[in-house]
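Dear colleague,

I am handing over the structure below, and I would be glad if you kept it open while you read the notes that come after it.

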Amino acid sequence: MKRLMLFTFVLLVVCSTASWSEPVDTRVFGLLSLGTSDQDILKTLGQPDQIIPQPTRFIRSGRDFVETKTTVWVYAGGCCNIPTRLTFQNGTLVSKDKKR
């Protein structure tokens, strides 16, 4: 009984940390251009493995302050692909990088 419970626990942990999206191929990564909307990226790459919301910031624009919502999308890497991080501000791609 204890072995079955342990096996079930290990299986749940492995399944919960598994990557469900495809790694981003280097050629596709090179074609992603800054300024692209998050919806277009979603159509191109699919759902990310992780979405990390960042704190809302207020950035000065002339005399006014503009509310900026930033999110980071992470696509896990595979054996031959490095993980991909895409940063969006107000739904627009502002940076992209591949880091181990």
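What follows is a short account of a hairpin, a threonine and an aromatic pair.

Please bear in mind throughout that this is a predicted model.

I begin with the hairpin, in which strand β2 (residues 57-61) and strand β3 (residues 64-68) pair in the antiparallel sense over five bridges. Two residues lie between β2 and β3 in this hairpin, and in the turn glycine 62 has a positive phi of about 70 degrees.

Threonine 68 belongs to β3, and the bridges place threonine 68 as the partner of arginine 57. Threonine 68 is also buried, since its relative accessible area is 6% and the cut-off for that word is under 20%. Once the neighbours within four places in sequence are set aside, the contacts of threonine 68 are with Pro55, Thr56, Arg57, Ile59, Gln89 and Asn90, so that Arg57 appears both in this list and as the bridge partner.

As for the aromatic residues, a search of the whole structure finds one aromatic pair. The pair is formed by tryptophan 73 and phenylalanine 88, with 4.5 Å centre to centre and 50 degrees between the planes, and it is classed as tilted. Because tryptophan 73 sits in strand β4 (residues 70-75) and phenylalanine 88 in strand β5 (residues 84-89), the pair ties together parts that are 15 residues apart in sequence. Both tryptophan 73 and phenylalanine 88 are buried.

With kind regards

Technical notes
Residues numbered from 1 in each chain as written. Predicted model: local features only at pLDDT ≥ 70, side-chain atom pairs only at ≥ 80, totals over all residues. Heavy atoms only, no water. Phe/Tyr/Trp six-rings, centres within 6.5 Å; stacked < 30°, edge-to-face > 60°. Helix = DSSP H or I, 4+ residues; strand = E, 2+ residues; numbered from the N terminus. Buried < 20%, exposed > 50% of the residue type's maximum accessible area, 1.4 Å probe, protein only. Contact = heavy atoms within 4.5 Å. Pairing = 2+ DSSP bridges.
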